[in-house]
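Hi everyone, thanks for coming. Please have the sequence and the model open while I talk.

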Amino acid sequence: MLSGFSQKNVKHLIRFLFVGGVCTVFNYIIFYFLMKNGIQYQIASSIGFLSGVAIGFPLNKKWTYQSESSITSFLLYKYALVYLISLVVNFFTLFILVGKLNIDPKIANFISIIITTITNFLGTKIWVFQK
């Protein structure tokens, strides 16, 4: 299927993408609602992003990676750090796409979500929930 990916890794990727899809839909609904109500796109994007993170942690921990470790402050710290890095990538992407390339913020946010999905999977798989 994918060179270098074990069956377990493929399963994790598929589950991560499903959870990510749920979180992305939630993220985008929040983002769009806030933008429609006059909130600046950077703030709307941040709130949507953080809402998706809050939903994603328990889903990824229990279902995607089937982690049985207790929720410790260190685990939450690592998860938050992965998504903080992702948020920085998100801001940078929006800055370039909207600020420099004049792409509509709604489209630019969607592109940014795709990019940050990759960074999130790698960070959670390799660092946060590794066994």
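Let me begin with a definition: buried means under 20% relative accessible area, exposed means over 50%, and partly exposed is in between, using a 1.4 Å probe and protein chains only. With that, Trp127 counts as partly exposed, because its relative accessible area is 34%.

A word on where this comes from. The model is predicted, so local features need pLDDT of at least 70 and side-chain atom pairs count only at pLDDT 80 or more, while totals for chains, interfaces and linings use all residues. Residues are numbered from 1 along each chain as its sequence is written, and side-chain values use heavy atoms, with hydrogens and water left out.

Back to Trp127, which sits in helix H4; helices here are DSSP runs (H or I, at least four residues), numbered from the N terminus. Trp127 joins Phe74, Tyr77, Ile118, Leu122 and Ile126 in a nonpolar patch on the surface, and together they have about 650 Å² of accessible area. Such a patch takes residues with over 30% relative accessible area and no salt bridge, and joins nonpolar side chains (Val, Leu, Ile, Met, Phe, Trp, Tyr) within 5 Å. A salt bridge is a side-chain nitrogen of Lys or Arg within 4 Å of a carboxyl oxygen of Asp or Glu. The areas come from the Shrake-Rupley method with a 1.4 Å probe. Which helix gives the most to the patch? That is H4, with four residues.

Now let's go inside. How many cavities of 30 Å³ or more does a search of the whole structure find? The search finds one, with a volume of about 210 Å³. A cavity is a set of points on a 1 Å grid where a 1.4 Å probe fits but cannot get out, and lining residues have an atom within 4 Å of a point. The volume is the space filled by probe spheres set on the points, which are joined across faces, edges and corners.

There are 17 lining residues, and Gly20, Cys23, Thr24, Tyr83 and Asn120 lie nearest the centre. H1 (7–36), H2 (41–64), H3 (73–100) and H4 (105–128) each supply at least two residues of this lining, and H1 has the largest share, six.

Finally, two loop residues. Gln66, between H2 and H3, has a positive phi near 50° without being a glycine. Asn102, between H3 and H4, also has a positive phi, about 55°, and is not a glycine. Asn102 is exposed, because its relative accessible area is 67%.

Note on methods
1 Å grid on protein atoms, 1.4 Å probe; cavity = no way out; pocket = protein on both sides within 12 Å on 5 of 7 lines; lining within 4 Å. Patch = residues over 30% accessible without salt bridge, like charges linked within 9 Å, V, L, I, M, F, W, Y side chains within 5 Å.
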